[in-house]
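Work through these short exercises with the structure open beside you. Try each task before reading its solution.

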Amino acid sequence: MRFVSATALPPAKGPLSGTDYAMVRDHTLYVAYSSADTLLEVDTGSGAVHSFATGLKGIHGVAFSRNPELAFASLGGAAEIAALTLRGTTIRPIPAGADPDGIVFDEKFGVVYAGNGRSDSATIVSIRDLEHPMTVPLGGSPEYPQVDETTGLIYQPLEDKNQVAVIDPGQQRVVAGFPVSPCEGPKGSAIDMERKVLFIGCSNRLLAVMDLASGRVVATVAIGRFVDFVGWDPGLHRVYTANSAGSMTVIGQSTQGAYEVLDTVQTRAGGHTLAVDPTTHRVYVICSRLRGAQILTYEPASTESLPLR
């Protein structure tokens, strides 16, 4: 990977410029700026940084629905999910559990899902009316989930249980639970819809690869310290882990089918989340720092332009 640029974020309210999840949509990088209660938008072409929405108390992440076109922000400091227009205007707050964290949109069921980090539960709300949110007990502390676009099932890592819970939004309950040993302390996840596997970042310096059909861990790869988030580039078949100790691990699959480390990139301490642009293949590492948060941009080197298959 090749370093491209560093973009400074605006000052936060306190000494720690805390950030959380990020995502790329339509040539725009969206960054949850938790300590500023702001959802930022960054033009991936010019690097210009603007506020998309403010007053989002303790924002953790954002998800977008297609029809209707809305944005949904998980507000850990307010125990709410905020429904926003694409102009950043809040339509309404939706009650959630304690500390709603990872948030995703499930198109098959037409719902927004957020895992509540401090109440061992999830909140599911239909985007058709944005009313009557349902609470699903999880039995453990949720980290960042993923949606199987084919089935609509949601795969939710439970950090304190070393499990992945499978949630059926149609039944509004957990329908399965898979142990992820030797993975300990599962954190962020990413999904490969082509091969039907879930990638899970583990606190014991492993990336676990879980087969969705069987729920079995079929491979592990060594990664850096203090992983928080996992990203996936479907075009290049690359997995990226953001390791808070100051590195990013780049993983691909060999022609023999084994997953292997392609590169270990030195980022900066506090670089705990990232976002992948599937069009340009650039990777944005979001760094929380004591004196100003940053976005570090990387792109694949020319020798990495073709996927390992």
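**Exercise 1. Decide whether D120 is buried, partly exposed or exposed, then describe its backbone.**

Solution. Keep in mind that this is a predicted model.
- Step 1: The relative accessible area of D120 is 31%. Buried means under 20% and exposed over 50%. D120 is therefore partly exposed.
- Step 2: Place D120 in the chain. D120 sits in the loop between β11 (111–116) and β12 (121–126).
- Step 3: Check phi. D120 has a positive phi, near 50°, and is not a glycine. Most residues other than glycine have a negative phi.

**Exercise 2. Find the loop that holds K196, and describe the residue in the way used for D120.**

Solution.
- Step 1: K196 belongs to the loop between β18 and β19.
- Step 2: Phi of K196 is positive, near 60°.
- Step 3: With a relative accessible area of 26%, K196 is partly exposed.

**Exercise 3. Work out the order of the sheet that contains β18 and β21.**

Solution.
- Step 1: The open sheet has 4 strands, in the order β18-β19-β20-β21, with antiparallel pairing.
- Step 2: β18 (186–192) and β21 (217–222) are the edge strands, each pairing on one side only.
- Step 3: From one strand to the next, the twist averages 20°.
- Step 4: Look at one pairing in detail. β18 and β19 (residues 197–202) are joined over 5 bridges, in the antiparallel sense. D192 faces V197 in β19.

**Exercise 4. Describe the surroundings of K187 in strand β18. Is K187 buried or exposed?**

Solution.
- Step 1: K187 has 14% relative accessibility. The cut-off for buried is under 20%, so K187 counts as buried.
- Step 2: Look for a polar partner. The side chains of K187 and E159 make a polar contact of 3.3 Å.
- Step 3: Leave out residues up to four places away in sequence. K187 then touches residues including E143, Y144, P157, I200 and V227.

**Exercise 5. Classify the ring pairs Y30 with F64 and F199 with Y259.**

Solution. The structure holds 8 aromatic pairs.
- Step 1: Take Y30 and F64. The centres are 4.9 Å apart and the planes meet at 55°, a tilted pair. Y30 is in β3 (residues 28–33) and F64 in β6 (residues 59–65), so the pair ties together parts 34 residues apart in sequence.
- Step 2: Check burial. Y30 is buried at 7% relative accessibility, and F64 is buried at 10%.
- Step 3: Take F199 and Y259. Their centres are 5.8 Å apart and their planes lie at 80°, so this pair is edge-to-face. F199 in β19 and Y259 in β25 (residues 259–266) are 60 residues apart. Both residues, F199 and Y259, are buried.
- Step 4: Return to F64. R25 lies over the face of its ring, 4.4 Å from the centre.

**Exercise 6. Trace the hairpin of β16 and β17, then locate the cis peptide bond at P182.**

Solution.
- Step 1: β16 (residues 163–168) and β17 (residues 173–179) run antiparallel, joined by 6 bridges. I167 has V174 in β17 as its bridge partner.
- Step 2: The hairpin has 4 residues between its strands, and Q172 in the turn has a positive phi of about 55°.
- Step 3: Move on to P182, in the loop between β17 and β18. The bond joining S181 and P182 is cis, with omega about 10°.
- Step 4: Compare N67 and P68. They too are joined by a cis peptide bond, with omega about 5°. P68 lies in the loop between β6 and β7 (70–75).

Note on methods: Residues are numbered from 1 along each chain as its sequence is written. This is a predicted model: local features need pLDDT of at least 70, side-chain atom pairs count only at pLDDT 80 or more; totals for chains, interfaces and linings use all residues. Side-chain values use heavy atoms; hydrogens and water are left out. Two strands pair if DSSP finds at least two bridges between them. Helices (H or I, at least four residues) and strands (E, at least two) are DSSP runs, numbered from the N terminus. Axes are lines fitted to C-alpha atoms, for helices over the stretch in contact, and angles run from 0 to 180 degrees between N-to-C directions. Buried means under 20% relative accessible area, exposed over 50%, partly exposed in between (1.4 Å probe, protein chains only). A polar contact is a pair of N or O atoms within 3.5 Å; within protein, one must be able to donate a hydrogen and the other to accept it, and residues adjacent in sequence count only if both atoms are side-chain atoms. Contact means heavy atoms within 4.5 Å. Rings of Phe, Tyr and Trp (its six-membered ring) pair if their centres lie within 6.5 Å; planes under 30 degrees apart count as stacked, over 60 as edge-to-face and the rest as tilted. A charge sits over a ring if NZ of Lys or CZ of Arg is within 6 Å of the ring centre and within 35 degrees of the ring normal.
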